[in-house]
Amino acid sequence: MRIWLKSYAPLFLLIFSVMFLWIMQWSSLNLPYFWDEMGVYGKGVQYLLIHGIGILPQSLPPELSRGHPILFYSIHALILKFGVNEFYISHAASLIFSSLCLTVTYLLAQEFLPKILAAMTSCLLVVQSIFLAQSSLVLPEILIALISISSILTFFKGRYTWTILILCIGVMLKESVIITAAFLGLVYFLQILSERRLIKQWKNLLGFTLPLITLLIYLQIQQGHHGWYFFPYHTDILQEGALSGFGEKLQTHLQFILFSQGRRYWSLAILIASASLFLVRERGKLLLIFAFLAVSIGLFSFAFYMDRYLLFIYPLLAIVVVFGVYQISFRNKPLSFLVVLLLCWLSYNQHKTTTFHYDVNLAYKDLLNAHLDAVSAFCQQPTETLSCYANFPINASLEDITLGYISSACREKVSLVPLTEKPSFLLLHAMEAPEGYALLNTFIHQQARIDIYKRI
């Protein structure tokens, strides 16, 4: 019995982490789209459902694609088209991708750790607030994380054809996956160069250019159709703040990654892991992980800052942290298990104290539920027409019934107008009403608040 438990304990832990994910996010399945889902991704999915699913730039207006490849939109649209066009289907698909991410993290962690601690890596990942928050949203970051760690796993296993195929799919989800493709291609080139196998392995080396070629073909089609390679809004931001804001964004990234959401002790474990690089047999692969983390954080510090953009490094960070704990515990598995369990508790405990911070923690549900209540109450106002001003994200929900907040009957009587036209009602999130309006109702969920005002 003892041997049986020892053999299956890692599998039980992995299953537990997946079950924990679904239990924590079960209430999110029926929720409507939120924030960037409303403005871009979810709205883009609904557009493809109505106008036809495709993977080329012309299939989606640039204000919805934002110049990104549209395979992500198409995957979710296809899921909805052959299922039921309900939010729980789309959010459940995201949870399935997140479950796969936990599973691949476990498989990748086995390259560095005993199976029981590899399973604890998945447990450490699943309690991160940013991972939980993103796990059911119709946003590409979870899929990008799955693609990145899957490509690294197959690369370590020497299955280069699979690595290349995965990366080709990845760059069609979002062009930022080219960072992973370029990194692994460069590592492979240096590897075969040092082993003097450059001529023998030229086919595999050439294969590592396919993700770049795939992306370039897509961008060339985009240029021919829209007249630009990258969305002008994004290029303007990059030109204005790439170099000038690098230091500040790097500091913000590191602060959030290493100290926020119960991760204040991660830096110590990472330091121990880096100090042991030349003392362990896993040093080659571990060095590549460290290099990839450094490159990713550095490059994303040039780009427009969003915490979720670096979600794909969290599985690797979790592996490094557990590996560091394993080293500092003198490779004592029971002691390492207990320390990682403590780190899991520290992160999990943050869910009870988090305030709304966009889409990096579960407090987004509080704003979303307050939003639902406010729109429902607004639609029940006893007037034939509802002249209204609302700020984002409320205005988006009042414009489009496919986003899940407003009925078609209510939409017909709602007229959204600028604040300068002095509408009859205001629906405001984190915004003060101007003079001439009285507070009609307030909807609060935890620390999230939406106010309805009526013109005096």
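1. Aromatic pairs: in this predicted model, a search that covers the whole structure returns 22 aromatic pairs. The pair formed by F34 and Y364 has ring centres 5.2 Å apart and planes at 45°, and it is therefore classed as tilted, given that planes under 30 degrees apart would count as stacked and those over 60 as edge-to-face.

2. Placement of the F34 and Y364 pair: F34 belongs to the loop between helix 1 (2–25) and helix 2 (36–51), whereas Y364 belongs to helix 19 (residues 364–379), so the contact ties together parts that lie 330 residues apart in sequence. F34 is buried, its relative accessible area being 3%, and Y364 is likewise buried, with a relative accessible area of 1%.

3. The F155 and Y160 pair: these two residues form an aromatic pair of the edge-to-face kind, with 5.5 Å from centre to centre and 65° between the planes. Both F155 and Y160 are buried.

4. The cluster around F34 and Y364: these two residues also take part in one aromatic cluster, which they form with W35, Y358 and F392.

5. Charge over rings: the charged end of R263 sits over the ring of F256, at 5.0 Å from the centre of that ring. R263 also lies over the face of W266, where the distance to the ring centre is 5.9 Å; for a reader weighing this second contact, the cut-off applied to the distance from the ring centre is within 6 Å.

Conventions
Residues numbered from 1 in each chain as written. Predicted model: local features only at pLDDT ≥ 70, side-chain atom pairs only at ≥ 80, totals over all residues. Heavy atoms only, no water. Phe/Tyr/Trp six-rings, centres within 6.5 Å; stacked < 30°, edge-to-face > 60°. Helix = DSSP H or I, 4+ residues; strand = E, 2+ residues; numbered from the N terminus. Buried < 20%, exposed > 50% of the residue type's maximum accessible area, 1.4 Å probe, protein only. Lys NZ or Arg CZ within 6 Å of the ring centre and 35° of its normal.
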